[in-house]
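The following exercises ask the reader to work through a protein structure step by step. Each task is followed by a worked solution.

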Amino acid sequence: MLFVQTKAFRPLPIRQASLSYPLTGVRLRPGLWSACENRAGLTGYLPFTLKQVAGNYAIDVCLDSKYNSIKGQTLLSINGISRKELVQKCALATTGFPEQRTATALRQFGYLYPWASKLKTTFLLKTNNGKSFNITGITLKEWDNYLAIKANKADCEERFSYTRHNDAGYINACSFDVKPKGKYSLDSIKHKIDGIFRQIKQDGVNKLVIDISHNEGGNSSVGDYLISYIYGKPYMDYQTNWKRSDEYLQLLKSWGIENPSYAAEPVGKVLRYPSEQVNPEIVPNTFSGKVIIVIGPATFSSALSFATLIRDNHIAKLIGQTPVNGHPNGFGEMYYTNLPHTQIFVRFGVKEHIRPAGKISDNNLRPDVALTESQMMDIDKLVRQNY
């Protein structure tokens, strides 16, 4: 069951009761949030994001440059309301698992702030060190522009890059994203990986660190291809549960996808696909030395699945920090629609993906060796360390 509360702002706060599939997105379609559009010029939005530092919340990105001086300040309260209460209320305006909601609330704190407090245009910030700051807000349009730039920002131009550190190699696998053609097509990315491992063999390194700590996923075939270079034995893949529905069948057909076996099953049946053995591709210049995988809070989607396969099949050691935006067991294959009466847009996963190790009580991917943020940023030391 899904409860949606509507107001004049975006996005819509929700809470989940007995949902078969976790909701991943909910919003009003254009034309239904005219009240929000009318308020787009009001300066009722805080001009910054937050990040968690040693159990506290510190100001991170400032959308208004005149407030750059407050960056790094640890918040105590805003307009008399405690930081904890504000973050908790902002998290209710997001979707996903509880820890995912908190992470989103921090990244979009100023944008979500109107859900947590009354609409105002000026704010009194108090910090842990006893300082006070008076600031003015920014508009919804400014936040929308920032979020659009953030979503489209090309932070990972090369997808894969390689550097040698004496007798060790470091691969920054910052994205598994694949495009239909061109530089980022699957064939092009595979060709890039081929070249990297050809260079690794020429360098004669005996240890390889593969960093996916900032990888938010993409095409799982990229991760599968990468495994082929570091592991030559068969390994176990994910198992999947998929509920048959006419609605999803029609969505598949609208994409030009035909699935006769799915269509032949009765509506409502849960189709169970067991974990199968995967044989790595035959590739040149495979690596036989020690392999270490770096994971982090941003590791997500197919990158998280890649690391989970590494862990459950005992392929390599994981170091870094626990991902916060996803879980080893979760849902994918998005279905989206507009609710028939309110026309509210909703999106949720229709396939349950279960890791090779099965369902375990702690549904998190924790590293074998936990690192601090500063340890993960020092790449040269990260590669040289004997984990």
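**Exercise 1. Classify Glu352 as buried or exposed, and then examine its salt-bridge partner.**

Step 1. The structure is a predicted model. Glu352 has a relative accessibility of 17%. Because buried means under 20% relative accessible area, Glu352 counts as buried.

Step 2. The side chain of Glu352 meets that of Lys359 in a salt bridge, with 2.9 Å from N to O.

Step 3. Lys359 has a relative accessible area of 58%. Since exposed means over 50%, Lys359 is classed as exposed. The salt bridge therefore joins a buried residue, Glu352, to an exposed one, Lys359.

**Exercise 2. Determine how many salt bridges the whole structure holds, and describe some of them.**

Step 1. A search of the whole structure gives 15 salt bridges.

Step 2. One of them links Lys179 to Asp177, whose closest N and O atoms lie 3.2 Å apart. Lys179 is partly exposed at 39% relative accessible area, and Asp177 is likewise partly exposed at 25%.

Step 3. Another salt bridge is formed by Lys190 and Glu281, with 3.4 Å between the closest N and O atoms. This pair connects distant parts of the chain, 91 residues apart: Lys190 belongs to helix α6, while Glu281 sits in the loop between β16 (277-278) and β17. Glu281 is partly exposed, at 39% relative accessibility.

Step 4. Salt bridges may also form a network, as they do among Glu158, Lys183 and Lys192.

**Exercise 3. State the order of the four strands in the open sheet and work out how they pair.**

Step 1. Strands of a sheet pair through backbone hydrogen bonds, either parallel or antiparallel. In this sheet the order is β7-β6-β8-β9, and the pairing is antiparallel.

Step 2. The edge strands, β7 (81-82) and β9 (132-136), each pair on one side only.

Step 3. Strand β6 (residues 75-78) is joined to β7 by two bridges, and to β8 by three. Ser77 stands opposite Ser82 in β7, and its bridge partner in β8 is Lys126.

Step 4. Five bridges hold β8 and β9 together in the antiparallel sense, with Thr122 opposite Thr136 in β9. These two strands form a hairpin with four residues between them, and Gly130 in the turn has a positive phi of about 90 degrees.

**Exercise 4. Which side chains of strand β8 (residues 122-127) are buried, and which are not?**

Step 1. The side chains alternate along the strand.

Step 2. Phe123, Leu125 and Thr127 point to one face and are buried. Thr122, Leu124 and Lys126 point to the other face and are not buried.

**Exercise 5. Identify the members of the largest nonpolar core that touch the most other members.**

Step 1. The largest core has 38 residues, and those touching the most other members are Phe160, Ile171, Phe197, Ile210 and Ile293.

Step 2. Several elements each supply at least two residues of this core, including α6 (186-203), β12 (207-211) and β17 (290-295).

Step 3. Leaving aside residues up to four places away in sequence, Ile210 touches Ile171, Ala173, Leu226, Ile230, Val291, Ile292, Ile293 and Val294.

Step 4. A second, separate core has 33 residues, among them Ile70, Leu75, Ile81 and Ala116.

**Exercise 6. Which residues make the nonpolar surface patch of about 280 Å²?**

Step 1. The patch is made by Trp255, Ile257 and Tyr336.

Step 2. Tyr336 lies in strand β19 (residues 330-338), and at 36% relative accessibility Tyr336 counts as partly exposed.

Key
Residues are numbered from 1 along each chain as its sequence is written. This is a predicted model: local features need pLDDT of at least 70, side-chain atom pairs count only at pLDDT 80 or more; totals for chains, interfaces and linings use all residues. Side-chain values use heavy atoms; hydrogens and water are left out. A nonpolar core is a set of buried Ala, Val, Leu, Ile, Met, Phe, Trp, Tyr and Cys residues joined through side-chain atoms within 4.5 Å. Buried means under 20% relative accessible area, exposed over 50%, partly exposed in between (1.4 Å probe, protein chains only). Contact means heavy atoms within 4.5 Å. Two strands pair if DSSP finds at least two bridges between them. Patches are made of residues with over 30% relative accessible area and no salt bridge: like charges are joined within 9 Å, nonpolar side chains (Val, Leu, Ile, Met, Phe, Trp, Tyr) within 5 Å. Accessible areas come from the Shrake-Rupley method with a 1.4 Å probe; for residues, only the protein chains shown count as cover. A salt bridge is a side-chain nitrogen of Lys or Arg within 4 Å of a carboxyl oxygen of Asp or Glu.
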